[in-house]
Amino acid sequence: VLLALVPGIAAYVWYFGAGILVNLAIASAAALAGEAAMLHARGRPMGIFLADLSAIVTAWLIVLTFPPIVPWWITAGATLFAIVIVKQLYGGLGQNPFNPAMAAYAITIVAFPALMSQWPHAGVDFASQLDLILGGERTLDAITGATPLDALRTAMHSAAGTQTVAQVLAGGTAFGLFGGRGREWIAVAYLLGGLYLWQQRIISWHMPAAFISGIVVVAGLLHLINADQFAAPIFHLLSGGTMLAAFFIVTDPVSGATTPRGKLIFAAGAALVTVVIRTFGAYPDGIAFAVLLMNICVPLIDMWTQPPVFGHKKGGPP
């Protein structure tokens with residue numbers, strides 16, 4: 001999984017700069033420290049659980065959903081929350097009902113919405129990014145901007161019906177040919193990493209296919225109803241964290257559904273909620289909240305989609 005994330009990280013560095021590497025290092029150290037401390041407190045062996053690198057996977061996913069110039073203490077605090085509270089307090093790997101990375105993102109964006117909305121423009125030098133990460137003064141008007149999803153939402157609301165989506169996308173500096181400027185290539189890089197996971201049979205096709213299809217269907221229906229008001233599906237696919245979520249987040253084997261039909265329902269439900277939040281909700285991107293809401297539904301989804309035991313009729317005794 002870490003190897004599959006490398007193309008996305010490389011594209012991230014190419015567009016946003018190397019500041020993200022600093023936060024990746026901070027998050028990795030916090031994850032290992034938090035995991036070690038909790039394993040020691042629980043009397044569990046450290047070597048085998050630290051060596052599986054599951055804590056590092058969580059740390060990297062958290063950083064890849066955060067702005068690359070977020071202060072170091074937010075990165076460290078969110079990572080410790082994910083590892084200590086969401087993962088270890090529920091019993092460790094394999095026991096947590098919620099996706100740790102998405103839980104950390106959700107609580108952080110609610111607690112620190114301003115800091116979590118500061119994304120650097122392309123070309124901001126590494127020294128400036130490092131200064132901001134380590135606590136430098138945030139005089140940010142010249143170097144930060146909104147995400148494409150946030151920029152579209154703000155423009156449509158301020159236009160008050162005088163501009164169409166197409167006009168906003170054509171005139172905004174945050175937008176590229178199909179999605180967010182530069183973020184289109186990051187999304188493609190995540191897609192390549194996800195296809196590698198599928199080729200290696202680390203993940204099955206069910207959740208990525210259902211999530212991407214769900215985004216296309218729901219966003220496509222809204223676009224067909226009113227193309228002037230709602231963005232086309234391609235914009236949703238290549239903006240925000242759609243591709244990262246499709247292959248690296250909804251596919252979490254612990255907090256997601258486990259049956260084949262259940263995986264399809266889980267991912268399609270997450271896609272539906274994501275587009276609804278993006279379009280009508282209070283946050284520009286709703287993936288984290290969508291995943292957490294579907295995590296709550298997993299026991300019911302698995303119960304409804306459990307295949308019959310061999311030798312029994314469907315709906316028969318367990």
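Start by selecting Tyr12, Trp14, Tyr15, Phe16 and Trp119: ring pairs join these residues into a cluster. Bear in mind as you click around that this is a predicted model. Keep Trp119 on screen and add Arg183, which sits over the face of that ring, 4.6 Å from the ring centre.

**More rings**

Across the whole structure, a search turns up 9 aromatic pairs. For a look at one of them, pick Phe230 and Phe280. Ring pairs are described by how far apart the centres are and by the angle between the planes. Here the centres are 6.0 Å apart and the planes stand at 65°, and since an angle over 60 degrees counts as edge-to-face, that is the label for Phe230 and Phe280.

Now colour by secondary structure and see where the two rings come from. Phe230 belongs to the loop between helix 11 (206-225) and helix 12 (233-237), while Phe280 is in helix 14 (residues 260-280). The pair links distant parts of the chain, with the partners 50 residues apart.

Switch on a surface next. Which of the two rings is buried, and which is exposed? Phe230 has 15% relative accessibility, so it counts as buried. Phe280, with a relative accessible area of 55%, is exposed.

**Along helix 14**

Stay with helix 14 and select Thr274, which lies in it. Its relative accessibility is 0%, so Thr274 is buried. What does Thr274 touch, leaving aside neighbours within four places in sequence? Show Phe211, Ile215, Asp285, Gly286, Ile287 and Ala290: Thr274 is in contact with each of these.

One of those contacts, Asp285, takes you to the next stop. Add Arg278 and look at the side chains: Asp285 and Arg278 form a salt bridge, and their closest N and O atoms are 2.9 Å apart. Both ends of this bridge, Asp285 and Arg278, are buried.

**The other charged pair**

Side chains that carry opposite charges can pair when the charged atoms come close. How many salt bridges does a search of the whole structure find? The count is 2. You have just seen the one between Asp285 and Arg278, so jump to Glu35 and Lys87, which also form a salt bridge. The closest N and O atoms of Glu35 and Lys87 are 2.9 Å apart.

Zoom out a little to place this pair. Glu35 is in helix 2 (residues 19-42) and Lys87 is in helix 5 (residues 72-87), so the bridge links distant parts of the chain, 52 residues apart. With the surface still on, check the two side chains: Glu35 and Lys87 are both buried.

Key: Residues are numbered from 1 along each chain as its sequence is written. This is a predicted model: local features need pLDDT of at least 70, side-chain atom pairs count only at pLDDT 80 or more; totals for chains, interfaces and linings use all residues. Side-chain values use heavy atoms; hydrogens and water are left out. Rings of Phe, Tyr and Trp (its six-membered ring) pair if their centres lie within 6.5 Å; planes under 30 degrees apart count as stacked, over 60 as edge-to-face and the rest as tilted. Helices (H or I, at least four residues) and strands (E, at least two) are DSSP runs, numbered from the N terminus. Buried means under 20% relative accessible area, exposed over 50%, partly exposed in between (1.4 Å probe, protein chains only). A charge sits over a ring if NZ of Lys or CZ of Arg is within 6 Å of the ring centre and within 35 degrees of the ring normal. Contact means heavy atoms within 4.5 Å. A salt bridge is a side-chain nitrogen of Lys or Arg within 4 Å of a carboxyl oxygen of Asp or Glu.
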